[in-house]
Amino acid sequence: MSSFFAKGSKLILIFFLTIFVSGSILTYLSIQNISNYKELTEKKVIEEELALAERFSKDFQNELTAMIQIFTNYVQDDSLVNLDRLKNTVTMQEIKYRFALDKNGVYHWPHFVNNKFKINTKTSSNSYILNLKKAENNEFILRDFKNAKKNYLKTLIIAKNKSDSVYVFNALARLYVKLDQPKKAVYYYTKIINDFGNTTNNFRFPYAYFAASKLLTIQNVDLNTEIKKPLISFLIKLSDGSIPLNDSSAELLSQIAVWAQQLTAKKDVELIENLIARTNVFIDGFNNYNKPVFDILQTNDSTSTTERIDDFYVIKPLSEKYDELFLFKKNKIISFGFSVSLMVIFDLVVQNQVSDNMNFQYQIKLIPNDRIGYTTSSYLETSSNFSPYFTNHKVQINLLNEEIVEEYVFRKKLFYGLGLMLLLGTMILGLVVLIQDVQRKKHMAKLRDDFVSNVTHELKTPLTSINMFADSILLGRVKTDKDLKKYANIIVKESEKLKRMITNILDFSKTENDKLAYNLKECNLSEIVIATLEEMKYWLEINSFKTTVEVEKNVIVMADAEGIQQALYNLISNAIKFSISKKELHIRLFKKDFNTFLEIEDSGIGIPKENIGHIFDKFYRVNSKENETISGTGLGLTVTRDIIEAQNGQLKVNSTFGKGSKFTIIITT
Ligand code: ADP
């Protein structure tokens, strides 16, 4: 038993130390963790941003490669069929503009005329040249405009080709300006634009350009509506390629834009501006890429140092202004070029990007290199290069909502704090439960210890008596028959006591193993009570008890006679044991309603109120001054209650400390 105590104390100590040490470590780590949490979270944010930037860079490259694959499909056949396909069907928004040109650099699409390339002049008829000279002589030398007009009209009739005709129409328009008949001049210029858009002079310069620029010089507000119409048709033809673009297109377009400002209808201004913008995109493209494209066309492929992606030459933007890339496929017959817009690829990548596995939400922006660091004041932003082809920009990633970090950190701290408190609380609770359990076990062990010495003592007392009286008889010290009978009676009574005690211990052992069971039979309780009292008579008498008995006759109950006797014996024994000064015993047996009551009442020492709840516990004995000298095992009441309850009865107690106790057995009939 004592080893158990030592074990229990050691267990508590080990457990306590474990909890203390692990609790302290946990608390320390958690506090460290909580205080570093902001830093850790910020680190995580930066890590996620870098991961996102890396993914962006990869996706960007993939998107570009996919786009190039599509271009490759369009231009894989080196033929004019492809050119038509390209002109009419490629509507990819990623392509800002595109062009196709032959090995000499002549533009097939859009229509762009490079003045460097002269064409053979068409030969006109002699009569045409003769008449024309006559008319020009009238106009410029003689300033005889009337005859000049007549001769121009004559020349027009004999003009055999478009270029001859348009030359004369141009002269007539010029003449009408000189004649101060602007309306007629506008008529002829309109005709040139509408019918001779494609027709150029010997320097491949389209007459429509002359016509458009002349129209702009006619300072007659009344004719603005008339002038607007050919100008709009000029712009439409420029943008759809039916009037070729050339090096002077940009200049003319800006003049038209200025002229359009005087128009009163806003719709017209907008229409003109849109048409100009559309055409300007192409002009920009030519200006930017004409030279590198010509260089590529003239170089031998094997010596070219220009960068390539698949079959395409990559022409990088010439200045920071350009957020596009030009991809050029050099073919034997027709070569193709596409410009792809950085922002459009960016939008595609961002649209398709999934930000899974991320704790936070980010925004992705493209920032020109010189603006890096100025766009936000966030310290949680990262910027990095994303493509070897767009080195003028960086991808910048920052948190969508920076406050969310604070919230996140707060929530995590709260979570950790509460978790820690819960953990420590549980540990302390565990410790308390363990201490209680160990204490209870200690207490039980002490009770068992006491029980062993008590039971030994209890058994020894009657045995000593029996031994002593039997010895006296054997040694012949008993002289009279009366004494012999008296001694024999003592031996019988003490052995009965011994038997009852042993029965108690056996019954207790049975209840501990759940084996206490009775075979209930109909029996006469009145007779059982009388018989038990008879058995106890000796003890009551030698203890000078005043006994009153009120027993109803023939009270029949379903019970086990032996068990009831044992219980009654125990209760009367207690009444005798725990009555010191006033020795009275009242036994009552009566029926009331459907119950049978058997009361055993004494006027003994009584039981203190605070102990009453425990008297049925095993090994329990009230620890008071009065009880000190009274021996016992603490089993009597435990066994008695078990016996009664095993017979479906109840055992109740009613006691006042110092006045006496009443135990009642209630059996339901
Ligand atoms: P034991 O009598 O062997 O001590 P019991 O189980 O019979 O054990 O009784 C438990 C305790 O209850 C006793 O030690 C005693 O303190 C108290 N007790 C029982 N019966 C009486 C009684 N009639 N009067 C006063 N105290 C009693």
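**View 1. Ser 544 sits in the loop between helix H14 (525–542) and strand S11 (546–551).** The model is predicted: local features need pLDDT of at least 70, side-chain atom pairs count only at pLDDT 80 or more, and totals for chains, interfaces and linings use all residues. Residues are numbered from 1 along each chain as its sequence is written, and side-chain values use heavy atoms, with hydrogens and water left out. Helices (H or I, at least four residues) and strands (E, at least two) are DSSP runs, numbered from the N terminus. Ser 544 is not a glycine, but its phi is positive, near 55 degrees. Is Ser 544 buried or exposed? With 59% relative accessibility, Ser 544 is exposed. Buried means under 20% relative accessible area, exposed over 50%, and partly exposed in between (1.4 Å probe, protein chains only).

**View 2. Asp 593 lies in the loop between strand S13 (584–592) and strand S14 (595–602).** The phi of Asp 593 is positive, about 50 degrees, although this residue is not a glycine. Asp 593 counts as exposed because its relative accessibility is 72%.

**View 3. Lys 446 belongs to helix H12 (residues 403–474).** Lys 446 is partly exposed, at a relative accessible area of 48%. Phe 410 is 36 residues away from Lys 446 along the chain, and 53 Å separate their C-alpha atoms.

**View 4. Polar side-chain atoms meet the ligand at Arg 621, Asn 574 and Lys 577.** A polar contact is a pair of N or O atoms within 3.5 Å; within protein, one must be able to donate a hydrogen and the other to accept it, and residues adjacent in sequence count only if both atoms are side-chain atoms. For Arg 621, a polar side-chain atom is 2.5 Å from a ligand oxygen. An N or O atom in the side chain of Asn 574 is 2.9 Å from an oxygen atom of the ligand. For Lys 577, the distance from a side-chain N or O atom to a ligand oxygen is 2.9 Å. How much of the ligand does the protein bury? Taken alone, the ligand exposes 520 Å², and the protein buries 98% of that (Shrake-Rupley method, 1.4 Å probe; for residues, only the protein chains shown count as cover).

**View 5. The shell around the ligand draws on several elements.** Helix H15 (561–577), helix H17 (636–646) and strand S16 (660–668) each give two or more residues to this shell.
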